[in-house]
Amino acid sequence: MKISLKQKYIFLSVIAMLFTECSQTEEDMLNGASGVCFTASIGQNQTRATEDSFETNDEISVFAFKGETGFSGEEYAHNRKYTFQSQLFTADEENTIKQPTDDSQLSYVAVYPYSTATDAKFSFQVKEDQSAGSNYTQSDLMMASTYPTDAQAPTLMFSHCLSSIVVNFAKAPAGNASVKMVNVSTTVSADLATATFSSSGEANQSVVTAFNGTNSYKAVLPPQTTSMGSTGIEITVGDAAPLSYKFPASCEWKSGIRYAYTLYIAEDGTVSDVK
């Protein structure tokens, strides 16, 4: 198609206008013209699938407070949904937190993943099949908080609230393997005011782990103390009968800590822990 010189100038002018509008939009977000937005980072526990960064469309719950830090202050905004786009957490008009007109500073508490049920105290359930879709990341409860600030784009430093369990094999299973944590608790009692997270409910649930690379599998579980001779790992290779390993002693899995176990499967199907 032939384009005249005049048409080229018009076309280039439109492109220039679009770039200007994009730049102005990003600048407006950082300057607070569209309300408060957030930059974010993740601590080094590395239980998340993306390890140290958020993905586009990740959602968090955000609370804002006046006067004091966190839930000891006056609640200014309750459980607003913010979404990760273009390296920032932003919200729609209904959820956007606006700076107070009295120039008060705000402190923030944020929780990943977003839920309408999130409050100062709430119950959280890890996914029972963490090998499917985004179930692994959606199980990785994280929290961030700030001191009072008047920044338009404060930084949220997220820390992992649950325990990360990694199962490695010293020798590759002879076929496609499914690895399951058995007789564990999958429910968390969360208290954001004290930043404490503990298991609740019976430790009689099972969680299918997610693939973690060659001969390695991972799961996110509530902090808990395992039951000696009951809590364990079940390995199913292809259509064969499941193989079982039970922890010979109780284990205390703490909040924000990764625990790794290396297993060896003998020819006779015996599973042992490689120390």
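How many salt bridges does the structure hold? The structure holds 4 of them. The model is a predicted one, and the salt bridges are easier to place once the chain as a whole has been described.

The chain has 275 residues, and buried residues make up 40% of them. Its regular elements are 2 helices and 21 strands. When contacts between residues at least 6 apart in sequence are considered, 68% of them join residues at least 24 apart. The accessible surface of the chain is about 14,300 Å², and carbon and sulfur atoms account for 50% of that surface.

Strand pairing comes next. Strands of a sheet pair through backbone hydrogen bonds, in either a parallel or an antiparallel sense. One open sheet in this model consists of 5 strands in the order 14-15-9-20-21, and its pairing is mixed. Strand 14 (210-211) and strand 21 stand at the edges of this sheet; each has a single partner strand, so one side of each is left without a neighbour in the sheet. Strand 14 runs antiparallel to strand 15 (residues 216-221), and 2 bridges join the two. Ala 210 has Lys 218 in strand 15 as its bridge partner.

Other pairings involve strand 7 (residues 142-145). Strand 5 (residues 106-112) pairs with strand 7 in the antiparallel sense over 4 bridges, and here Ala 110 stands opposite Ala 144. Strand 7 is also joined to strand 8 (residues 155-160) by 2 bridges, again running antiparallel. In that pairing, Met 143 has Ser 159 of strand 8 as its bridge partner.

Which strands each supply at least two residues of the largest nonpolar core? This core has 22 residues, of which Phe 169, Met 181, Ile 233, Ile 235, Phe 247, Trp 253 and Leu 263 touch the most other members. Strand 9, strand 10, strand 15, strand 17 and strand 20 each supply at least two residues of the core. The largest share, 4 residues, comes from strand 20. Apart from this core lies another, of 20 residues, which includes Ile 60, Val 62, Tyr 82 and Tyr 112.

Met 181, one of the core residues just named, has contacts with many parts of the chain's sequence listed here. Leaving aside residues up to four places away in sequence, Met 181 touches, among others, Ile 165, Val 167, Val 207, Ala 219, Leu 221, Ile 233, Phe 247 and Trp 253. The residues touched by Met 181 also include Gln 205, Ser 206 and Thr 209.

Now to the charged side chains. Side chains of opposite charge can pair when their charged atoms come close. One of the salt bridges joins the side chains of Glu 59 and Lys 81, with an N to O distance of 4.0 Å. This pair links distant parts of the chain: Glu 59 lies in strand 2 (residues 59-66) and Lys 81 in strand 3 (residues 74-85), 22 residues apart. Glu 59 is partly exposed, with a relative accessible area of 30%, and Lys 81 is also partly exposed, at 29%.

A salt bridge of 3.1 Å, N to O, brings together the side chains of Lys 171 and Glu 267. The two residues are 96 residues apart, with Lys 171 in the loop between strand 9 (163-169) and strand 10 (177-184), and Glu 267 in the loop between strand 20 (258-265) and strand 21 (271-273). Lys 171 counts as partly exposed at 37% relative accessibility, whereas Glu 267 counts as exposed at 74%.

Lys 180 and Glu 234 also meet through their side chains in a salt bridge, at 4.0 Å, N to O. Lys 180 is in strand 10 and Glu 234 is in strand 17 (residues 232-237), 54 residues apart. Both ends are partly exposed: Lys 180 has a relative accessibility of 26%, and Glu 234 has a relative accessible area of 25%.

Is Lys 66 buried or exposed? Lys 66, which is found in strand 2, has a relative accessible area of 16%; buried means under 20%, so this lysine counts as buried. A polar contact of 3.1 Å joins its side chain to that of Asp 102. Not counting residues up to four places away in sequence, Lys 66 touches Gly 73, Glu 74, Tyr 76, Asp 102, Ser 104, Gln 105 and Leu 106.

Key. Residues numbered from 1 in each chain as written. Predicted model: local features only at pLDDT ≥ 70, side-chain atom pairs only at ≥ 80, totals over all residues. Heavy atoms only, no water. Buried < 20%, exposed > 50% of the residue type's maximum accessible area, 1.4 Å probe, protein only. Pairing = 2+ DSSP bridges. Contact = heavy atoms within 4.5 Å. Areas by Shrake-Rupley, 256 points an atom, 1.4 Å probe, with all protein chains shown as cover. Core = buried A, V, L, I, M, F, W, Y, C linked by side-chain atoms within 4.5 Å. Polar contact = N/O pair within 3.5 Å; in protein donor to acceptor, adjacent residues only side chain to side chain.
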